[in-house]
Amino acid sequence: MKRLHIHIAVDDLEANIRFYNALFQAEPTVLQSDYAKWLLDDPRVNFAISQRGRKPGLDHLGIQVESAPELEAVQSGLTAAAVPLAEQKQAACCYAKSDKYWTVDPQGIAWEAFHSLEQIPMFGADDVIQMPPAATCCGSTQNDPSQ
């Protein structure tokens, strides 16, 4: 089963934690000094915020899957649609190690499809892979750490 992932960069982590605790009527499932994540079942979403020096606002969206075969199915669909796609295996980010595929929608919003393999004790240093929109894509570049 898939779960929608939303990651927002914030400038005041504590104020945002209070806001999202009230909105979701739940405490974060992961709480660090620079990051908070709510794994909700209603709505089924992996909602994360971080205070890591990025411009506040939407950082990226994603689809979290529960198995390697589900991740490969998402990757196959994106490949068949001929959208730009970049692979990250064993990515260390957001206090987790994950296998990922990155793409970008026509508006330039980064999307990741990922399967988390294990929790790790650090935020990590893997980058969001930024690519030009599908209509003009010819490669990928890497940006600052996020998620």
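# Notebook: strands, a helix and some rings

**Entry 1, a hairpin to start.** I began with β6 and β7, which pair in the antiparallel sense over six bridges. This is a predicted model, so I am reading a prediction throughout. The two strands form a hairpin with two residues between them. I checked the turn and found that Cys94 there has a positive phi of about 60°. Next to the turn I looked up Cys93, and it stands opposite Ala96 in β7.

**Entry 2, the whole sheet.** Next I wanted the strand order. I get an open sheet of eight strands, in the order β2-β3-β4-β1-β5-β8-β7-β6, and the pairing is mixed. Which strands stand at the edges? They are β2 (30-32) and β6 (86-93), and each has a single partner strand, so one side of each is left without a neighbour in the sheet. I also noted the twist: neighbouring strands are turned by 25° against each other on average, direction ignored.

**Entry 3, walking across from β3.** I took strand β3 (residues 35-41) and found that it pairs with β4 in the antiparallel sense over seven bridges. These two also make a hairpin, with two residues between them. For a landmark I noted Ala36, whose bridge partner in β4 is Ile49. I then asked how covered β4 is, and wrote down that six of its seven residues are buried.

The next step is from β4 to β1. Here the pairing is parallel, over six bridges. My landmark for this one is Ala9, with Ser50 as its bridge partner in β4.

**Entry 4, a closer look at Ala9.** Ala9 sits in strand β1. Is Ala9 buried or exposed? It is buried, with a relative accessible area of 5%. I listed what Ala9 touches, not counting residues up to four places away in sequence: Ser50, Arg54, Lys55, Pro56, Gly57 and Asp59. So Ser50 turns up in my notes both as a contact of Ala9 and as its bridge partner. I also took one C-alpha distance: Ala9 and His60 are 51 residues apart along the chain, and their C-alpha atoms are separated by 9.2 Å.

**Entry 5, the middle strands.** I moved on to strand β1 (residues 3-9) and β5, which run antiparallel and are joined by seven bridges. In that pairing, His5 has Gly62 of β5 as its bridge partner. Then I crossed to the other neighbour of β5. Strand β5 (residues 57-65) pairs with strand β8 (residues 110-119) in the parallel sense over five bridges. I kept two landmarks here: Ile63 has Ala113 of β8 as its bridge partner, and Val65 stands opposite His115 in β8.

**Entry 6, the helix on top of these strands.** I looked up what helix α2 (residues 68-80) lies across, and got β5, β6, β7 (96-104) and β8. I noted its direction too: α2 runs at about 15° to β7.

**Entry 7, Ser98.** I picked one residue from β7, and Ser98 is in that strand. How accessible is it? Ser98 is buried, with a relative accessible area of 2%. What does the side chain of Ser98 join in a polar contact? It is the side chain of Ser116, at 3.2 Å. I then listed the contacts of Ser98, leaving aside neighbours within four places in sequence: Gln88, Lys89, Gln90, Ala91, Phe114, His115, Ser116 and Leu117.

**Entry 8, the aromatic rings.** Last, I turned to the rings. A pair of aromatic rings is described by the distance of the centres and the angle of the planes. I counted seven aromatic pairs in this model. One of them is Phe24 with Phe47, at 5.1 Å centre to centre and with 70° between the planes. That angle makes it edge-to-face, because the label applies to planes over 60 degrees apart. Where do the two rings come from? Phe24 lies in helix α1 (residues 13-24) and Phe47 in strand β4 (residues 44-50), so this pair ties together parts that are 23 residues apart in sequence. I checked Phe47 for burial as well: its relative accessibility is 6%, which counts as buried. Finally I followed the ring pairs outward, and they link Phe19, Tyr20, Phe24, Trp38 and Phe47 into a cluster.

Conventions
Residues numbered from 1 in each chain as written. Predicted model: local features only at pLDDT ≥ 70, side-chain atom pairs only at ≥ 80, totals over all residues. Heavy atoms only, no water. Phe/Tyr/Trp six-rings, centres within 6.5 Å; stacked < 30°, edge-to-face > 60°. Buried < 20%, exposed > 50% of the residue type's maximum accessible area, 1.4 Å probe, protein only. Pairing = 2+ DSSP bridges. Axes fitted to C-alpha atoms, helices over the stretch in contact; angles between N-to-C directions. Contact = heavy atoms within 4.5 Å. Polar contact = N/O pair within 3.5 Å; in protein donor to acceptor, adjacent residues only side chain to side chain.
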